[in-house]
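Here are some exercises to work through with the model open on your screen. Try each task before you read its solution.

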Amino acid sequence: MAKLQKRILKQPLKPTQPSIAIIGGGVAGSTIALRFAELGLDTTLIEKGPSLVNGPPICHLHAGGNLYREISDEQCLKLLQQSIDTVKVYPHSVNVRPTIIALPKTDKGSPDDLRPRLDKLQRKYAALVENDPTNKVLGEPDEYFKFYSREEIDALVGLPIPKQASQPSDWLISFANYTQLDNIQFPILLVQEYGLSAFRFAAIAMMAIENLPNCVLQTHTQVASINEREVSGWTVLTQHKDGPPREQHFDYVINACGFRSGEIDDMVSAKRQRLVEFKAAYVAHWPQCEGLWPEIIFHGERGTPRGMAQLTPYPDGYFQLHGMTHDITLFDNGLVESSDNSAQPQLESAFIEKIDKQWPQQVINKRTERSIEHLAQFIPDFSSAKVASQPMFGAQQIPGQDPDLRAADVSFDKKHYARAEIVKASSALSASDAILANLAESGLLGDIDIAPLLSSHYFPVSQSFTEEAVTEYAVMLAEQRNYSTSLAKTFKGVVNG
Ligand SMILES: Cc1cc2nc3c(=O)[nH]c(=O)nc-3n(C[C@H](O)[C@H](O)[C@H](O)COP(=O)(O)OP(=O)(O)OC[C@H]3O[C@@H](n4cnc5c(N)ncnc54)[C@H](O)[C@@H]3O)c2cc1C
């Protein structure tokens, strides 16, 4: 494969290579920069913050979209495929542990409602593996999901919680021992949706870019304005936090500014409808728990006091918590839309203050304690967990007008201008593929045959780092960002407590 890529890249591009600017170094911008620089294209990644992938959090790899009952099967199938591609390109960013989905008795739905979509997802996963065995990154296709009856869970109560999983049911022992089983509908679901670590993703992106001579990274640098050049291309005015303004010229510009994408759209007078939503997850420490934990989802109706509760495990007794109620993860007036005059939805200043500066300690404590109580409805002993750090938070863009859209990637507007519009991290690779195809269509890659480049993901530098090297860099980033270093480690059968 490497030889093939090298041969393709030896085809003449243009007499001079196109210069490509990527504005925004979140998951989307970093992935696009790596994808292009690994192929030998000249890229400049402009990020206003100090490091890459430092925006809203990521903890769950949506390999099937099973957290979202309200979205279409098509979106779920797309998320499955995109997640498989993500694991293949960034294996060390993944925490390999399954997800349990349980429906409280108060929930209007029934576990049986989940089955038809799971069957479709399993068939799709099996077909992907049959077509290409390297797609088998979520375990055996026929073990993609499994339902467990009350009797099967009761049989696990009292068993010591294992340190390593040797069979799928080992992941259920902590759940069986700590959950108030009488409040849950049976069967419960175990599905191979893994964890995805923002710190480890950031570490891989930073290390790879340091080793890719074709990518120039400009951190602490904000794009202040963009103007279309007379002949072709763009003039981008940037402002470094400590330096004078600087004018740079590019043939192609990619807007990957996440929830601030509308600001760049406004600079180039590109119209776009989008939503922006501010949300937060909380970090708690529960060192008393012991052994292997899966991620646990207690379904519930979003935006009501019974909104979904999500417990995401990390090593050393740390947990990330979501509660889809307005006093935990969601916020009153936290969802805003663009207007006829501006492609940038306007969040209230209190949210921008939280994003750009910091949260008042009182609010951190109040919301984290509520998230602990929300989980303790189902796992009573969890009430002894303590606030561990500041929350993990941010705003995300959702293109269009449907707040339930979860699988989106890219849109094009002006000549040589693309927008990355991912809602979930796993869509970043398909955004990069679509932009690569658009670059070729616009003639900027000369006569190169793009098909072989699109049919595979070529990331030799990004994939060259060992798991230990990724952990070391990720731990450093977690420290710099004031989070527990345990959040940067993998949860692969690690013993808690
Ligand atoms: C609470 C919460 C939990 C989430 N959990 C998950 C999850 O479990 N799994 C999942 O897949 N997704 C999750 N998401 C969504 C995920 O965080 C987003 O999909 C992802 O961060 C979007 O990446 P992005 O690169 O498009 O944008 P961002 O990560 O927002 O990156 C945009 C970057 O652009 C930079 N920028 C902005 N304006 C400028 C400018 N003018 N000049 C230079 N740089 C600029 C910013 O500094 C930022 O670094 C969650 C989101 C939230 C809010």
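**Exercise 1. Find the strands that α2 lies across, and work out how α2 runs relative to β2.**

Bear in mind that you're looking at a predicted model. Start at α2, which covers residues 27-38. Step down to the strands it crosses: β1 (19-23), β2 (42-46), β8, β12 (252-255) and β21. Now compare directions: α2 runs at about 160° to β2.

**Exercise 2. Put the strands of the six-stranded sheet in order, and explain why β8 and β20 each have a side without a neighbour.**

Step one is the order, which reads β8-β2-β1-β12-β21-β20. This sheet is open, and its pairing is mixed. Step two is to look at the edges, where you'll find β8 (215-218) and β20 (410-412). Each of these has a single partner strand, so one side of each is left with no neighbour in the sheet. Step three is the turn between neighbouring strands: ignoring direction, it's 20° on average.

Now zoom in on the β20 edge. β20 and β21 (residues 417-420) run antiparallel and are joined by three bridges. To pick out one of the pairs, go to V410, whose bridge partner in β21 is A420.

**Exercise 3. Trace the sheet that contains β9, β10 and β11, and describe how its strands are joined.**

Again, begin with the order: β9-β10-β11, an open sheet with antiparallel pairing. The edges are β9 and β11 (245-250), each of which pairs on one side only. From one strand to the next, the twist averages 25°.

Next, take the pairs in turn.

- β9 with β10 (residues 234-240): seven bridges, antiparallel. Here S225 stands opposite L237 in β10.
- β10 with β11: six bridges, also in the antiparallel sense. Here Q239 has P245 in β11 as its bridge partner.

Finally, check the connection between β9 and β10. The two form a hairpin with five residues between them. In that turn sits G233, with a positive phi of about 95°.

**Exercise 4. Which residues come nearest the ligand, and which elements and domains supply the shell around it?**

There are 40 residues around the ligand, and G24, G26, A28, G55 and G258 come nearest. For the elements, look for those that each give at least two residues to the shell: α2, β9 (221-228), β13 (274-285) and β19 (392-399). You've already met α2 lying across β1 and its companions, and β9 at an edge of the three-stranded sheet.

Sort the shell by class and you get 20 nonpolar, 14 polar and six charged residues. As for domains, at least three shell residues come from each of domain 1 and domain 2.

**Exercise 5. Describe how the two domains meet, seen from the domain 1 side.**

First set the bounds. Domain 1 takes in 2-55 + 200-270 + 401-469, while domain 2 takes in 73-196 + 274-400. Their C-alpha centres lie 29 Å apart.

Then count the contacts: 33 residues of domain 1 are in contact with 30 residues of domain 2. On the domain 1 side, the elements giving two or more residues are α7 (198-210), α8 (261-267) and α11 (428-441). Of these, α8 gives the largest share, five residues. Broken down by class, that side has 13 nonpolar, eleven polar and nine charged residues.

**Exercise 6. Where are the cis peptide bond and the positive phi of S269 found?**

Go to the bond between F186 and P187 for the cis peptide, with omega about 5°. P187 is in the loop between α6 (173-178) and β6 (188-191). Then move to S269, which isn't a glycine but still has a positive phi, near 55°. You'll find S269 in the loop between α8 and β13.

**Exercise 7. Decide how compact the protein is for its length.**

Zoom out: the protein has 13 helices and 21 strands. Its radius of gyration is 23 Å, and the globule rule gives 23 Å for 497 residues, so the protein is as compact as a globular protein of that length. For its extent, the C-alpha trace spans about 70 × 50 × 40 Å along the principal axes.

Notes. Residues numbered from 1 in each chain as written. Predicted model: local features only at pLDDT ≥ 70, side-chain atom pairs only at ≥ 80, totals over all residues. Near = placed C-beta within 6 Å. Helix = DSSP H or I, 4+ residues; strand = E, 2+ residues; numbered from the N terminus. Nonpolar A, V, L, I, M, F, W, Y, C, P; charged D, E, K, R; others polar. Domains from an automatic or database assignment. Contact = placed C-beta atoms within 7 Å. Pairing = 2+ DSSP bridges. Axes fitted to C-alpha atoms, helices over the stretch in contact; angles between N-to-C directions. Rg over C-alpha atoms; globule rule 2.2 N^0.38 Å.
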